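Thanks for coming, everyone; I would like to walk through one model this morning and keep to what can be computed from it. Please have the viewer open as I talk.

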Amino acid sequence: MYAHSCNADGLSEGARNFKLPVTLGSGREIMNFTRRTLLAAVGAAAILVQPVAGFSKDLPRNMRMVIGSTSTGGDTYQAAAIVADALSDKLGINIKVDAVGAAAGFKALARDKRGTTIMMFHDFAYLAELYGGKGFENPFEAFTVGATVATNPANAYLVSKDSPYQNMSDILQAAVDGTRVRVAIQPGGVSEIGFSAMKNAANVMKPGAGENIVAVNTGSQSDKNQAMWDGLADVINGSIQANEQFTQLPEDDQKAMRFVWLTSTEATLKEAPEAGMGKLTRDAMLQYAEPETSVPLDENTDFTFDKEFFFIFNKDMDPELIDTIDGALAEIYDEGNIQEREKAAFFTPNFQPSAVAREHLREKRETYGKLIKDLDG
Amino acid sequence: MELFDSLSPLFVLLTIGGTFVGIIFGAIPGMTATMAVAVCLPITYSLGLENGLALLLGLYVGGISGGLVPAILLGIPGTPSSITTTLDGYPMAQQGQGEKALRIGIVASLVGGLISLLILDFFAPALADFAIKFSYVEKFLIILFALTVMAALSSDLLLGIFSGFLGIFISLIGTYDVTNGGNGEWRLIPPGTEYWLQDGFSLLPLLIGLFGLATVLEEAQTGMQPGMSQKDVKVGKHERFSFRIFNGQWINLIRSSCIGTFVGILPGVGGSAASILSYSNAKTFSKHPERFGKGEPAGVMASEAGNNGLTGGALVPLLSLGIPGDSTTALLIGAFTLQGVQVGPLFIGNNPGTWDAMIWAMLIANIAMFVMMYFAIRYFAMVVTIPKHILFPVILMMCVIGAYTINYGIMFDVWTLLIFGIFGWAMGKLRLEVAPFIIGFILGPSAEVYFVKTLESFGDVSIFFTKSPIAMVLWVMIIGSVVGSILLNRSAAKRIRENS
């Protein structure tokens, strides 16, 4: 996403004062004319590309927003694009979203203390380190975690339409009864945290039963779907956006699927559009989430997971710049237009200023960290 | 008529404009169709879905097609899918037949694009159902089949295969990526280089290093030969281009287009495999396989029909399953996402207008590509008349810019270009072979993933032979390709002995 602003007033001022030196005649004069014209054109172009002064004087005029995904078709790019667009307009600067991926994104962020590179990512940022991902650090120590902007309520688990498992209770009971349940996930992040919760829930129901819930490590959504179609997985991780149409297929279609669990909280799902997505209405979604669908975290509470998108900054970036971004975001969310755009893209708007968001995400990390640690024994 | 509903002047203009820009991206070494789509993706938000898709599909078709220009004229594949075009196109250019090779490539691109479009239009949902029958096992066997082309492309069988394995080895340096189903562990990274080699070597910088910089270094060592004169390269003054050159090649063209389309419908196999497999088949079924690699027009036809055949094929899983068939169509999903449109098995039925618009855009883009490139060829072909002392610095600059921008500004990619430029130059001295090396590098990671995933999933090596009838057919093709390559190599060696 390249949101571009330029100083129209500055340009017109420059253009008004500019007089073209027309000196036709000898070859030399023509050469001068050409050279001057070129110089003038370059000068005009230079003025044209000057963006207006930023929201704050210290804010870089050109900012790069790296994201932790290499996909431009995924929710991270979409969330970043919406926010970058709004911030560009509000701050009068250029913000370009680059889908560089997690490792490259963190590297780029670590290199740039000036604030010309910022990052937009989701819970993978800390889950990768909790799962022992090579090269990933605790973002709360290595970087500055900033404001949250949106939640994707669509993290889902599905079974084949002809699966014997009708719901999560069936799946967990099967594990308790000693049946091996294979779950296709992409290891080390958002996809795995739901799998860890299933293992933990089985353990809560019967100590040791979590061993019967096993991971089938796949890559992309395509690989997870294929694992189900090949009969290599009983349950797959997916999303409402990517998998909802498969749930509309007739049962005799090999590709047909059924939702069994949405990991989001009831409160988050209630913020989703009433019509939902495709044939899955908001009311139907709520049937697949807590408290209707229970995956116990412990004896008293259900496990939930909201995939939240938030800013990450270089550790040494000037805090005033972060405050400026926070302030601009607060104004943007006060105006209310961005919420409509986020909802249209099936996000739940979720702005929390940096300080609040940091504490909230730190608590999340601690909760999931304990879960992962307990499972590791 | 509903079919023509989407055909507004803006729609047509965007498709043609996209094709033009795509050709330019494809024609600059280091810039690809994927990059063109990535750059223009944000614009589509304001254009609306159908107009946005018109622009992106034009870029896609143009970008894939434009790659043949540097492949033929400079010996540098503009895109990874043009590697096999280089093998015969560049020798043709060196023999003063650059313009002819370009025309052959453009016609083959059009045929490939149109055949794949027909298949897409008529059979998309059915083909998607067929595609999901290809599990890890069958995908591994397809990659293995494509890897057998290493033997077919080797002038010295042992050194060629060694070069190919070296390519596979180098491709595995880095992280066993979780996004491919790996465990996220690092492997084969020399101590102290983890920071740079965490993601391994990028394909494009390596490619333009081996083909572009290595050539510059070689010329620097031997002393630059003068460029060709205009009369050396212009067909018009000496022989008119005749479509009769395609006589006897229609089967090659149709087969290559179908192979390209077929590879496209298999998610994860990768676009480069399309042209490699098409080329390999053309050589296997040719009456003169010994001419391949030395300027054989049939090689250019197969490669270009194959890689343009991919364009329609890669849209099949995208529009029927919501799964992209290659890296560029993975970006196209972004256009749908930005407009809030779901892509999945019901997409075509639920969005007939968008579906028609995409078919129109592909058709217009293919025709626009043909017209623009066919009639601009004589100007393209003049590139080889530019004195090398001017041309080479420009190439070098474009290579560096391309390498730096391919992953959004990573300096290590420029180092990769330099490292493999020197390595490519040294390969010539060591009699190692570049083409098998590149093929090994491109296909190595896919081969690894599908091999490991097969063993993880089925736990038994015998599954490779017993999984399905498709697997058995693929084994027959693999064995046929290997035996054919050995026999060909032996007859070539015998001929050399007799001549000497």
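How many residues does the contact take from chain B and from chain A? It takes 35 residues from chain B and 41 residues from chain A, where two residues are in contact if their C-beta atoms, placed from the backbone, lie within 7 Å. On the side of chain B that touches chain A, helix α18 (residues 327-338) gives the most, with 6 residues.

Before going on, I should say that this is a predicted model, in which local features need pLDDT of at least 70, side-chain atom pairs count only at pLDDT 80 or more, and totals for chains, interfaces and linings use all residues. Residues are numbered from 1 along each chain as its sequence is written, while chains are lettered from A and ligands numbered from 1 in the order in which they are written. The model scores ipTM 0.79 and pTM 0.80, and chain B averages a pLDDT (the predictor's confidence in each residue, from 0 to 100) of 85.

Now to helix α23 of chain B, residues 434-458, where helices are DSSP runs of H or I with at least four residues, numbered from the N terminus. Because 19 of its 25 residues are buried, α23(B) is largely enclosed by the rest of the structure, buried meaning that 20 or more other C-beta atoms, placed from the backbone, lie within 10 Å of a residue's own. At L443(B) the helix α23(B) bends by about 40°, with a proline, P445(B), following within four residues; that bend is the angle between axes fitted to the seven residues ending there and the seven starting there. Just after α23(B), G459(B) takes a positive phi of about 70°.

Methods. Helix = DSSP H or I, 4+ residues; strand = E, 2+ residues; numbered from the N terminus. Expected span 1.5 Å × (residues − 1). Buried ≥ 20, exposed ≤ 12 C-beta atoms within 10 Å, placed from the backbone.
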